[in-house]
Amino acid sequence: MSDSKDNNQPAAAVEAYQQATLAIRSGYQRTHEAEHSEALFLTSSYVFDNPELAAKHFSNEIQGNVYSRYTNPTVRAFEERLAAMEGGEQAVATSSGMAATLSIVMALLQSGDHILCSRDVFGSTRVMLNNYIVKFGVEVSYVSLTDLDAWQQAIQPNTKMLFCETPSNPMSEVADLEALAALSKKVGALFVVDNCFCSPVLQKPLEWGADIVIHSATKYLDGQGRALGGAVVGSSELMEKVVGFLRAAGPTMSPFNAWIFLKGLETLRIRMQAHSANAAALATWLNDHPKVTKVFYAGLEDHPGHALAKKQQSDFGGVLSFAVAGGREQAWTVIDNTRMLSLTANLGDTKTTIVHPATTTHGRLSDEDRQQAGIGENLIRIAVGLEDIIDIKNDLQLGLDLI
Ligand SMILES: Cc1ncc(COP(=O)(O)O)c(C=O)c1O
């Protein structure tokens with residue numbers, strides 16, 4: 001009988017696979033039980049046969065599991081699979097997307113450094129940087145995601161990190177990853193991309209020159225709105241520092257959540273394709289709708305970020321926003337009169353979600369910041385799910401009929 005069946009999936013063979021196969025086959029070593037589906041290791045610590053072995057594990061003379069804040073087989077499987085999909089040397093899992101951002105700042109920057117960040121990043125990212133990170137002597141400033149001159153002009157001698165999220169939330173603006181990577185390299189700063197909206201299926205920022213990718217796994221990596229988690233991906237040299245912070249400080253991923261994300265990665269490709277197809281169909285329909293004044297979706301040919309998104313993404317993703325004729329009252333009327341769409345801030349779920357950014361996800365921004373970002377009172381964001389597109393349109397029509 002052949003003994004070449006790849007039961008323990010040697011790394012050399014796995015690395016040669018395409019991304020769709022890596023999503024299903026990489027990152028996991030079967031145990032002696034020969035289980036077909038990946039096992040969940042719900043254990044906080046690990047036992048040793050004798051004191052000498054315990055001592056060698058604790059002193060790192062032997063590499064192995066000691067305690068689940070340090071390593072856990074299920075968490076490691078998720079990390080290895082995500083790293084393979086992003087094309088990074090190493091991934092590190094965190095307890096949430098925000099913990100991923102916190103860990104890179106704490107591990108890689110120090111007092112006196114400057115972070116240059118795109119203006120339209122996730123609201124909590126801004127709150128964390130503005131209210132907490134600055135307390136440790138790290139400077140933060142913001143620029144328009146799409147204005148390369150503004151990025152260049154805002155560079156300071158102490159700029160050590162450029163941080164962006166693309167496509168942006170909720171306006172679907174697109175950053176030029178190659179240009180920002182070149183700028184970062186020129187000034188000796190790290191380039192970090194929040195790849196939450198695209199996932200590695202639609203965009204691989206490391207291939208465009210980014211140093212670090214971060215994720216809120218809570219979104220598409222899970223895909224069904226069940227668990228909080230995050231991840232950081234990059235070179236082993238950088239990740240070693242991030243691991244050091246996480247082990248000491250503790251915002252690591254729970255094994256149970258890692259198991260959910262590990263299995264989520266297996267279906268990520270077909271889900272992202274289906275999210276993108278539904279969003280494209282909805283964007284086209286809204287674009288022709290008489291009650292809609294503007295649709296913001298990089299998949300539309302007249303969107304300013306369309307050509308760039310086409311270059312660096314394999315599809316346009318599941319999130320779009322649109323402005324209705326009128327103001328807050330009309331936007332709320334539309335949202336209030338849909339029956340199926342879920343009024344919730346989360347995204348990346350099989351269930352379509354709808355939200356009024358100006359009074360929820362982006363409510364904490366100053367009026368000036370909201371205006372600069374183009375987030376009007378008449379704007380509605382939709383994270384298009386996987387229900388039948390006919391039902392999504394019909395549900396929105398219930399609201400649009402009333403304005
Ligand atoms: C783009 C983006 N980055 C980061 C986060 C933070 O992730 P988490 O909620 O998992 O902490 C979110 C959450 O909504 C997000 O949308």
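The exercises below, each with a worked solution, concern a predicted model of a protein chain with a bound ligand.

**Exercise 1. The domains**

Determine into which domains the protein chain is divided, and how many residues of each are in contact with the other.

Solution. The chain is divided into domain 1, covering 11–264, and domain 2, covering 269–400. The next step is to take the C-alpha centres of domain 1 and domain 2, which lie 27 Å apart. Turning to the contacts, one finds that 34 residues of domain 1 are in contact with 38 residues of domain 2.

**Exercise 2. The ligand and its surroundings**

Work out which residues are around the ligand, and which polar atoms of Met-98, Asp-194 and Lys-219 lie at what distance from which ligand atoms.

Solution. Begin with the residues around the ligand, which include Ser-96, Gly-97, Met-98, Phe-122, Glu-165, Asp-194, Cys-196, Phe-197 and Lys-219. Consider next the oxygen atoms of the ligand: one is 2.9 Å from a polar backbone atom of Met-98, and an oxygen atom of the ligand also lies 2.7 Å from a polar side-chain atom of Lys-219. A nitrogen atom of the ligand, for its part, is 2.6 Å from an N or O atom in the side chain of Asp-194. Finally, the ligand taken alone exposes 390 Å², of which the protein buries 91%.

**Exercise 3. The cysteines**

Establish how many disulfides the structure holds, and examine Cys-117 and Cys-196 in turn.

Solution. The structure holds zero disulfides. For Cys-117, the nearest cysteine sulfur is that of Cys-164, 8.4 Å away, and Cys-117 is in no disulfide. For Cys-196, the closest cysteine sulfur is in Cys-198, and because the separation is 9.5 Å, the two are too far apart for a bond. As to accessibility, Cys-117 is buried with a relative accessible area of 0%, while Cys-196 counts as buried at 9%. Cys-196 is also one of the residues around the ligand.

**Exercise 4. Unusual backbone geometry**

Locate the cis peptide bonds that precede Pro-167 and Pro-170, and then decide whether Ser-172 and Ala-34, each with a positive phi, are buried or exposed.

Solution. Most residues other than glycine have a negative phi, and most peptide bonds are trans. The bond from Thr-166 to Pro-167 is cis, with omega near -5 degrees, and the bond from Asn-169 to Pro-170 is likewise cis, with omega near 5 degrees. Pro-167 lies in the loop between strand 4 and helix 8 (177–187), and the position of Pro-170 is between strand 4 and helix 8 as well. Ser-172, also placed in the loop between strand 4 and helix 8, has a phi near 65 degrees and counts as buried, because its relative accessibility of 3% is under 20%. Ala-34, in the loop between helix 2 (19–25) and helix 3, has a phi near 60 degrees, yet Ala-34 is exposed, since its relative accessible area of 58% is over 50%.

**Exercise 5. The two ends of helix 3**

Identify what caps the N-terminal end of helix 3, and which residue just after helix 3 takes a positive phi.

Solution. Helix 3 spans residues 51–58, and its N-terminal end is capped by Asn-50, whose side-chain oxygen lies 3.1 Å from the backbone nitrogen of Glu-52. Just after helix 3, Asn-60 takes a positive phi of about 70 degrees.

How values were computed
Residues numbered from 1 in each chain as written. Predicted model: local features only at pLDDT ≥ 70, side-chain atom pairs only at ≥ 80, totals over all residues. Heavy atoms only, no water. Disulfide = S-S within 2.5 Å. Buried < 20%, exposed > 50% of the residue type's maximum accessible area, 1.4 Å probe, protein only. Near = heavy atom within 4 Å. Polar contact = N/O pair within 3.5 Å; in protein donor to acceptor, adjacent residues only side chain to side chain. Areas by Shrake-Rupley, 256 points an atom, 1.4 Å probe, with all protein chains shown as cover. Domains from an automatic or database assignment. Contact = heavy atoms within 4.5 Å. Helix = DSSP H or I, 4+ residues; strand = E, 2+ residues; numbered from the N terminus.
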